[in-house]
Amino acid sequence: MSQADTRPWMDAGRSHDERADLLIAELSLDEMIALVHGPMPNLLDEVPADAARGAGYVPGVARLGIPPQNATDASLGVANPRKVREGDGATALPSGLALASSWDPDLARRAGAMVGAEARAKGFNILLGGGVNLARDPRCGRNFEYLGEDPLLAGVLVGEAIAGAQSNDIVCTIKHFAINDQETCRHVVDVQIDEGALRESDLLAFQIGIERGQPGSVMSAYNRLGGDWCGENDFLLNRVLKGDWAYPGWVMSDWGGCHSTAKAALGGLDQESGEQLDKQVYFGELLKTAVQEGEVPFERLTDMVRRILRSLIAHGVFDRLVEREEIDYEAHAQVAQAAAEAGLVLLRNQGLLPLAPGLKVAVIGGHADVGVLSGGGSSQVIPVGGPALEIPVTIGPSSAFSRITYHPSSPLAAIGQRAAQVTYADGRDLAAAMAIAADADVAVIFAEQWTTEAEDLPTLALPGDQHTLIAAVASANEKTLVVLETGGPVIMPWLDDAAAVLQAWYPGARGGEAIARLLFGEAEPSGRLPISFPRSADDLVRPEIPGMIFGPPVEGATIPTSYPGVQQHKGRFSVPHPEGAAVGYRWFDRQQTQPLFPFGFGLSYTRFVHENLSLEGGATVRARFTVANVGDRAGVDTPQLYARVKGADAQPGLRLIGWTRVALAPGERREVEITADPRLLAAYDVTAPGWRIAGGVVAVTLQSDARTVTLSGEAELEARTLAP
Ligand code: BGC
């Protein structure tokens with residue numbers, strides 16, 4: 001008998017749903033229960049032979065050919081936090097904010113495909129990637145894993161990254177659903193926000209990401225939303241995700257984010273992950289009893305299992321079992337380098353860059369002699385060959401699992417290959433730093449800010465004495481350039497003293513090389529900020545992070561930190577979100593506040609102009625215009641289309657409605673077109689329900705960033721309502 005006869009669910013000619021149903025008919029109650037919960041394999045007394053030692057493991061059903069589910073964190077590369085797989089390095093992408101700074105969907109797809117290939121070759125078939133929580137606060141410790149503050153930009157890029165990852169016949173998640181926008185007290189925060197505003201912001205990012213990426217699974221967030229934990233939130237999971245969006249995949253809990261059996265099962269959760277972190281295993285024996293006693297209908301359990309199996313089948317996990325393979329790390333490092341180069345954002349350049357060869361360069365601070373910084377937490381990638389430097393973290397919620405980790409791509413070495421001479425000072429001795437700066441043609445300061453999952457930043461200032469260091473070095477040499485290796489935005493009281501500022505985020509496996517190539521003009525600066533840089537925390541929606549207690553700076557820390565280490569609230573506490581959908585640049589625009597650097601901003605070594613804007617209305621806005629490179633170097637422009645639209649809160653606000661990237665040779669010009677996603681032109685109407693386009697004239701602007709208009713016009717829209 002052929003396999004199609006004995007195991008008809010293996011017949012790739014049948015639909016995914018049919019294959020899942022054929023399997024379900026074969027499963028016992030115990031086998032079904034075993035598929036909807038799983039441990040962290042490394043915490044088991046005995047690690048199963050088929051566990052790949054990642055963040056999660058769910059045993060398969062060998063008699064039916066159901067493969068085990070092996071999950072790894074993979075936001076920025078195949079993670080290995082706490083080095084659970086001793087000696088297993090992987091290729092680190094730059095941080096999510098760096099990837100988002102590229103505004104390049106193709107690059108996001110390639111980056112996702114690289115991580116997926118590496119995960120697969122290491123024995124994983126589930127990627128815990130796709131982080132797309134909007135950056136509502138620049139101090140959120142996890143912004144570096146995400147894709148910025150705009151729902152369209154973040155949604156498109158996360159969708160492409162997920163599609164790239166899943167092109168390896170594995171499943172990738174999108175996470176953390178939804179509004180996990182602060183790390184402080186993340187398990188108890190109860191987010192309060194109006195539904196319309198939520199649909200127009202964070203939920204829209206997820207919606208776009210799910211449409212484009214078709215992730216096999218959605219990971220629920222830790223926090224509560226409107227009173228209920230996201231992992232048992234009927235509104236989020238049943239009404240929005242599985243109802244309005246008809247999402248066919250499964251919802252897994254975040255690790256330690258499952259809080260009940262019946263409420264969670266009925267609230268839409270399909271699988272309990274990392275179960276040792278929950279108070280009890282809710283989806284094991286307790287769920288079985290709840291099903292037997294009728295508290296959870298058997299059909300709900302069947303639905304949970306069907307969703308899991310259907311996604312595994314739909315994404316090729318059954319048909320192309322993962323196998324360990326050799327990895328071409330050199331090829332993968334090139335992807336990481338391309339992403340780093342595309343993500344570097346030139347914020348200021350007073351004629352200093354690009355640097356000419358033959359200079360004497362003083363390099364200062366940031367451990368630039370050994371490597372580049374990375375962000376902490378579950379996304380931590382351990383580089384191939386091991387970290388260049390690791391600094392233990394001794395206090396704060398992240399100390400249990402984070403180490404300050406540097407990837408071995410030394411900016412000093414890369415600059416040294418291009419300069420006539422380099423000198424280095426670590427920056428701790430001010431006089432020594434000033435002396436080498438004074439003696440050089442150019443001083444390059446690597447300023448850093450480490451951020452991590454589980455903690456937010458108490459301040460937007462660079463930690464320690466770095467502001468003093470920058471001012472002192474700049475006073476010793478007016479050709480001082482500051483390279484920022486930060487998790488997100490920082491304030492820059494020294495800005496006027498710096499001849500140039502390059503935002504390098506956490507630049508990943510080849511960060512040092514990427515930075516040097518850009519400084520010396522071998523790569524063109526093309527990144528644009530995916531997040532606003534405020535002038536001061538006073539300009540933020542919440543000047544202080546709710547729930548954070550400020551503590552003294554940590555004495556003697558090598559990298560200066562001042563994490564509070566104390567988290568006040570044990571019970572639930574509400575965090576109102578009065579900004580609603582006005583996140584980031586939308587908030588600054590509404591408040592008429594000038595940011596330090598606006599969303600969308602980034603300089604180039606050449607100059608672009610936009611000409612001849614023509615707008616077409618109707619069902620959506622279509623813009624045609626010409627981009628010309630009027631400088632004498634090649635470069636990439638990112639023209640951005642914005643509109644002023646009244647949202648659910650009836651206030652007109654600025655929204656990014658589309659963008660494009662144009663690479664042009666010197667003197668070259670090209671006509672391009674942008675078509676807006678109509679949901680960005682609508683107000684979400686909870687009574688319809690759906691996206692209501694008012695109809696009539698809408699003001700549309702072509703811009704080079706959220707505050708700089710290059711051309712403007714109007715389009716006439718048809719009134720219509722789109723499905724939620
Ligand atoms: C994080 C998730 C991660 C999970 C598994 C949690 O702490 O919030 O993003 O996927 O751990 O490591």
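**The ligand and its pocket**

In this predicted model, the shell around the ligand comprises six charged, five nonpolar and two polar residues.

Me: Which residues come nearest to the ligand?
Reply: Among the 13 residues around the ligand, those that come nearest are Asp73, Arg142, His176, Asp254 and Glu453.

Me: What makes the approach of Arg142 to an oxygen atom of the ligand a polar contact?
Reply: A polar side-chain atom of Arg142 is 2.7 Å from an oxygen atom of the ligand. The cut-off for a pair of N or O atoms is 3.5 Å, so this pair counts as a polar contact.

Me: Why do Asp254 and Glu453 qualify as well?
Reply: An N or O atom in the side chain of Asp254 lies 2.6 Å from an oxygen atom of the ligand. For Glu453, a polar side-chain atom is 2.7 Å from a ligand oxygen. Both pairs are within 3.5 Å and therefore count as polar contacts. Taken alone, the ligand exposes 310 Å², of which the protein buries 92%.

Me: Where does the ligand sit?
Reply: The ligand takes up the space of the largest pocket, which holds about 1100 Å³.

Me: What makes up the lining of the largest pocket?
Reply: The lining has 42 residues, and Arg186, His187, Tyr222, Trp255 and Leu277 lie nearest the pocket centre. Strand E2 (69-73) and strand E4 (171-177) each contribute at least two lining residues.

Me: Why is Trp255 placed in the nonpolar class, and how is the lining divided by class?
Reply: Trp counts as nonpolar, so Trp255 belongs to that class. The lining has 20 nonpolar, 12 charged and 10 polar residues.

Conventions. Residues are numbered from 1 along each chain as its sequence is written. This is a predicted model: local features need pLDDT of at least 70, side-chain atom pairs count only at pLDDT 80 or more; totals for chains, interfaces and linings use all residues. Side-chain values use heavy atoms; hydrogens and water are left out. A residue is near a molecule or strand if one of its heavy atoms lies within 4 Å of it. A polar contact is a pair of N or O atoms within 3.5 Å; within protein, one must be able to donate a hydrogen and the other to accept it, and residues adjacent in sequence count only if both atoms are side-chain atoms. Accessible areas come from the Shrake-Rupley method with a 1.4 Å probe; for residues, only the protein chains shown count as cover. On a 1 Å grid over the protein atoms alone, a cavity is a set of points where a 1.4 Å probe fits but cannot get out, and a pocket is an open set with protein on both sides within 12 Å along at least five of seven lines; lining residues have an atom within 4 Å of a point. A molecule sits in a cavity or pocket if more than half of its atoms lie within 2 Å of its grid points. Grid points are joined across faces, edges and corners, and a volume is the space filled by probe spheres set on the points. Helices (H or I, at least four residues) and strands (E, at least two) are DSSP runs, numbered from the N terminus.
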